[in-house]
Amino acid sequence: MGYRFTDLTTASHEDWRAYIEHDFVRQLGTATLPEASFRHYLKQDYLFLIHFARAYALAAYKSPTLADLRQAHEGLKAIVDVELGLHVGFCQEWGISEQELEALPEARATLAYTRYVLDTGNRGDLLDLHVALAPCLVGYGEIANWLNAQPSTLRGSQNPFDAWIAMYEGEEFQAAMQAELEWLNTRLADVPPARFAELSKIFRDATRLEIDFWQMGLALIDQDLTA
């Protein structure tokens with residue numbers, strides 16, 4: 001019996017739960033997150049998405065089959081043509097202009113996370129890269145589902161962050177998450193234990209960097225860099 005994505009989350013159970021259930025996420029759900037923290041996160045997430053798109057371009061380069069190439073192309077297209085546009089519009093609703101986004105320097109947590117993903121992809125193979133990206137692509141979908149399962153989560157006009165939850169619970173993102181899970185499960189099924197141990201380390205490190213990204217927004221870390 002081969003490995004599955006759930007084996008990665010099980011191997012990093014404490015870090016995965018700390019990421020999915022982070023105080024930043026909880027406060028998003030209960031509408032208690034300071035707006036300054038959310039704006040700071042939104043700005044840095046714009047920069048992250050640009051590097052996320054670069055990572056999909058790298059995935060295309062490393063794709064050994066036409067099916068892998070098509071998946072990488074769809075991921076890149078979704079970010080550049082859809083998600084970045086939505087993100088810019090979302091930022092404008094929060095008083096953050098596109099000009100401000102384009103002039104942003106990267107916070108240390110953004111630098112650490114994005115360069116780790118790209119470095120992992122450059123050093124390793126396509127599976128290494130997908131595993132490094134999984135905490136974001138799969139994690140955000142799982143976070144939206146987790147928030148919806150919490151009785152304390154507020155929805156609609158009583159929560160100023162409702163649109164963020166709606167974006168990641170939406171059919172398009174959830175479908176992308178499921179497609180990524182299917183891809184990962186197919187590839188993980190064939191890896192031996194030693195290889196799985198390597199992938200588990202990549203997944204755990206990327207998840208820990210996701211935790212740092214939440215903490216950056218919650219604590220307004222590097223706020224002097226983005227003022």
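**Aromatic pairs**

I searched the whole structure, which is a predicted model, and got 26 aromatic pairs. I picked Trp164 and Trp214 for a closer look: the ring centres are 6.2 Å apart and the planes sit at 65°, so I logged the pair as edge-to-face. The angle clears the cut-off, since edge-to-face asks for planes over 60 degrees apart.

Next I checked where the two partners sit. Trp164 belongs to helix α9 (residues 162–169) and Trp214 to helix α11 (residues 193–219), so this pair ties together parts 50 residues apart in sequence. Buried or exposed, I wondered about Trp164? Trp164 counts as buried, at 1% relative accessibility. Trp214 is buried too, with 0%.

**Domain record**

I looked up UniProt, where an unreviewed entry lists "domain: Thiaminase-2/PQQC" for residues 16–218. In the model I find that span to be 82% helix and 0% strand. Its end C-alpha atoms lie 18 Å apart.

**Cavities**

How many cavities of 30 Å³ or more are there? I count two.

The largest cavity holds about 60 Å³ of space. I noted its lining as Asp45, Phe48, Leu49, Phe52, Glu83, Cys136, Leu137, Tyr140, Tyr168 and Phe173. The elements giving two or more residues to that lining are α4 (35–62) and α8 (126–149), and α4 gives the most, with four residues. By class I get eight nonpolar residues, two charged and no polar. The charged ones are Asp45 and Glu83.

The second largest cavity comes to about 30 Å³. Phe48, His51, Phe52, Thr114, Val117 and Leu133 line it. Here α4 and α7 (108–123) are the elements that give two or more residues, and α4 gives the most again, this time with three. I sorted this lining into four nonpolar, two polar and no charged residues. Phe48 and Phe52 appear in both lists, so I marked them as lining both cavities.

**Largest pocket**

I then turned to the open space. The largest pocket has a volume of about 480 Å³. I count 21 lining residues, and those nearest the pocket centre are Ala78, Leu137, Glu172, Phe173 and Ala176. Leu137 and Phe173 are also on my list for the largest cavity.

Which elements give two or more residues to this lining? I wrote down α4, α5 (66–93), α8, α9 and α10 (171–188). α5 gives the most, with eight residues. By class, the pocket lining has twelve nonpolar, four polar and five charged residues.

**Cysteines**

My last search was for disulfides, and the whole structure has zero. Why is Cys91 not bonded to Cys136? The sulfur of Cys91 is 15 Å from that of Cys136, its closest cysteine sulfur, so the two are too far apart for a bond; a disulfide needs the sulfur atoms within 2.5 Å. From the other side, I find Cys136 in no disulfide, with the sulfur of Cys91 as its nearest cysteine sulfur.

I checked burial for both. Cys91 is buried, with a relative accessible area of 0%. Cys136 is buried as well, at 9%, and I had already met Cys136 in the lining of the largest cavity.

Technical notes:
Residues numbered from 1 in each chain as written. Predicted model: local features only at pLDDT ≥ 70, side-chain atom pairs only at ≥ 80, totals over all residues. Heavy atoms only, no water. Phe/Tyr/Trp six-rings, centres within 6.5 Å; stacked < 30°, edge-to-face > 60°. Buried < 20%, exposed > 50% of the residue type's maximum accessible area, 1.4 Å probe, protein only. UniProt positions renumbered as here; feature names shortened; annotations may be inferred. 1 Å grid on protein atoms, 1.4 Å probe; cavity = no way out; pocket = protein on both sides within 12 Å on 5 of 7 lines; lining within 4 Å. Points joined across faces, edges and corners; volume = space filled by probe spheres on them.
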